[in-house]
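Colleague: I would like to learn how to read cavities, helices and cores in a model. Please take them one at a time.

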Amino acid sequence: MSTVELRGVPVAFPFKPYDIQKNYMEKVIECLQDGKHGVLESPTGTGKTLSLLCSSLAWLTVQKAKLQAERRQCGHFFAKEENPTGTMNMKWDIPTIIYSSRTHSQLIQAMQELKRTSYSHLNATILGSREQLCIHPEVSQQASNSAKTHMCQMLVKKRSCMYQNRVEQMTTNKTITEMNIADIEDLIKVGQKMKFCPYYMTKELKKSADIVFLPYNYLLDPKARRAQQLDLRNSVIILDEAHNVERICEDSASFQIRTTDITLCIEEVTQVMKHVETVGDLGMIDGEKDFSAEDLILLKTMLLDLEKVIDEIPVTRNGQGSTFEGKYIFEILRLAGINDISQIHAITLLDSLIQFMSTTRDSPFQRTGTGLQMLHDLLLIVFQNVSTEFKERINQCYKVHLIIEDTNKKIQTDTWLKRIPNSAKQECRVLSYWCFSPNFGMQMLLEQGVRCVILTSGTLAPLKPLISELGITVDVRLENPHVVTNKQICVKILGTGPDGTPLNAGFQNRDNPKYIRSLGMTISNLSRQIPHGLLIFFPSYALLNKCQESWQTSGLWSSINELKMVFVEPKTKNTFNTMMVDFYDRVKNPAYKGAIFMAVCRGKVSEGLDFSDMNGRAVIVTGLPYPPFKDPRVTLKREYLDICRSKNSEYLSGQDWYSLEATRAVNQAIGRVIRHRHDYGAILLLDNRFNNYSVRNKLSLWLRDQISLAKNFGEVIREMKMFFNEAALLYKNVEENTKNISAISGTEIKDFLTEKVNNLKSCSSNASTSNFTTEDSYEDTRNKRTGNSLQNRAKRKKIILVQPDYENESMTDETSNETVEFISMMKKNLETELYSKFTSALSIYKGTSDIDLFIKNLNEIFGPKPHLRYLIQGMLPYISRSHKSKFLVYWEAMR
């Protein structure tokens, strides 16, 4: 563990940080100390997440210490302050770190990073949905998250959920209080064992948490923010992977509803009316209901009026629809009887009906309030604030759009539509309420009283237009370079295929059979030169499917598949997870020449997945993923930005935004290939449009100086062959140490470690009585000698004069304690079988001193478990001195 002082804050880091990591952490601390907003870009593979966590929690630790000292001086150290929720606040106004990312899988990875830091003793929890956290046998089996929510709320209201009833008493249980970092898996496991609700436990844990992990929409969506009961006053908001934040802000404040959805609402209300008339109160939960027959009649009338109002709006039948000002949404709803006052009753009534349909015993309902839920969410978005100022902002940032959609294709798969008379099926109107300003959602977040907001990602550039769209004052900015050298990366633009056909995936060229065949031949030839794993990104599913179909017909697909097995990104989650495992297995199997994963930009593969080392030796991007040019929402967004730019030159023009949307998606895809300091790979851009200055200038800063245009196809083939040959030699140790990645391991550990500890004691004793010693060229951060930092690690041994180290006399007990702690950590983190494999590997190393075999065994243990690789560093004191240099190279590769 290394400690570096930045802006007066001592930051503990798992290893000696690189300069770019120190620069990054310094900027984070500047934001926190001064309460300034920041936009920080640092490429994938530069340790961004670890730097974020260490710097923010180091600052928080200092703040806690200062505040506690002040409280002692004032005699209020034990003072308790009651917060607005009525619970006792023990945090004394200490800020909470809110760490947010796009998905829960990304958040779980961040929590695993936290566990390897010196700040793992701080309290951390993660917020999730009932979908992820509910363990109630009946609620968890509900088909939709909405149904789960309403059934859960009903049970909690009746105090008939035994799991939720036990939450309050379990908050003081030793198992919970000692669980510093509570992730989803831990909470579910402990919740099932101790019979408490993990979902409601997270709400309790967040009250005393130092850092709370949650996905974007919990922060940026006002509905989700209320549901999670988030109190953001004085909080530090960290938005990681923030290249998505503009779209998230816009989407969370927008909605789309079809007239067929309103028809569904009418059917659902009618079903409830019939049920109440037939069964009476017998069908109610415990004979209770929160609505009357009159309420149902009024709601049905309102829905019929809303359907009629939308059907009577004049619509241009040109495929583009009609557009109105944002405030027109209030006029539509007013004509249906919904205004600033009546919306309160309407929302409450809809909520009661949805809960009734979801929870009624032996429910006769074919649907459980799906349409009503959509209408409920619509009203919450429209009426989140009814002030005049708010409505004026809506008129500036929103548009109402109405278009006629042909439903004939949908009728084949949408069974309930079949029951609607034919006259109603022929025309479906789609009402959209679109927000075009990320500032709208961001400003609502800032109004919660947050201390500061930090947006960070590997692909934020250019920063100025991002900042202008968000509409917040950003005083701290950073664009970090990459940690890799030009010998580790090869970036080429290829404008023509092997047959001389121009490579251009533009919309007008995508149906060109010559282009599709030439692209296939290009990929086939390149895959022969690229070792191990190859990622190929297409601009859309349409082009990917078209290429796959064409190449299968022509035989090109079989040719590519013979070289490397081809995996194609599926759209379902379960299939995707299985396919990823199969891809990794194929790549690591020495019997094969690797594998290809074909995917789309903005898809699952391009976001957050790790293709380090042999899993991703090259990324091919086949085109620029521009948004659909004639899509009404895209058209209106461009028009909105052009208007903004005419008033403020800091804004992007509509055309620049359109281009930037494509290059940001490309930057994300490219980021899959270089994942750490010792990784290497090639980036191949197979579209001549990449050579346009406006496009190249929008690619990530660390790439721009590396890009070159290939004169012909043969040049690329030669350069690929040369690059991979040289890189393989340069990083031979890393390649060898990572090519056998597999499972996880571990039993007779204590004898071996005790022997190593005794050897350390002996070395310590010798060092304290001698004036000089030999030392391998490495830096051991666990037991570092002051004033003897070594350089040129990979060179010969040096004779280094050292002063007698009297502090080592007390090393015996400390080292013994470290051994016990290390054993405990291994046992705690590894499953029984893996722990047994791990200790077996240690025993073999003890008997044979074969470091290569030991490293191979560690790879099989920790390779597929990146979140546990930090444990490898703990082995360093027990490695023979002659093997430490090689082990450090291995550790560098793995971390």
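Modeller: What follows takes a cavity, a helix and the nonpolar cores in turn, and the model is a predicted one.

Colleague: How is empty space found, and what volume does the second largest cavity have?

Modeller: Rolling a probe the size of a water molecule over the atoms reveals where space is left empty. Here the second largest cavity has a volume of about 90 Å³. Its lining has 14 residues, and those closest to the centre are Cys 134, His 136, Cys 152, Cys 161 and Cys 197.

Colleague: Which helices supply at least two residues each of that lining?

Modeller: α5 (145-157), α6 (162-165) and α10 (198-208) do. The largest share, three residues, is from α5. By type, the lining residues divide into 11 nonpolar, two polar and one charged.

Colleague: How should I read a helix, and which residues of α3 are buried?

Modeller: An α-helix has 3.6 residues a turn, so residues three or four places apart point the same way. In α3 the buried residues are His 104, Gln 106, Leu 107, Ala 110, Met 111, Gln 112 and Leu 114. Helix α3 (residues 104-115) reaches 17 Å from its first C-alpha to its last, close to the 16 Å expected.

Colleague: Which members of the largest nonpolar core touch the most others?

Modeller: A nonpolar core joins buried residues through side-chain atoms within 4.5 Å. Of the 109 residues in the largest one, Val 11, Phe 213 and Phe 597 touch the most other members. Helix α2 (residues 48-74) gives this core its largest share, nine residues. Another core, of 64 residues, lies apart from it and includes Cys 265 and Leu 350.

Terms used: Residues are numbered from 1 along each chain as its sequence is written. This is a predicted model: local features need pLDDT of at least 70, side-chain atom pairs count only at pLDDT 80 or more; totals for chains, interfaces and linings use all residues. Side-chain values use heavy atoms; hydrogens and water are left out. On a 1 Å grid over the protein atoms alone, a cavity is a set of points where a 1.4 Å probe fits but cannot get out, and a pocket is an open set with protein on both sides within 12 Å along at least five of seven lines; lining residues have an atom within 4 Å of a point. Grid points are joined across faces, edges and corners, and a volume is the space filled by probe spheres set on the points. Helices (H or I, at least four residues) and strands (E, at least two) are DSSP runs, numbered from the N terminus. Ala, Val, Leu, Ile, Met, Phe, Trp, Tyr, Cys and Pro count as nonpolar, Asp, Glu, Lys and Arg as charged, and the others, Gly among them, as polar. The expected span of a helix is 1.5 Å times one less than its number of residues. Buried means under 20% relative accessible area, exposed over 50%, partly exposed in between (1.4 Å probe, protein chains only).
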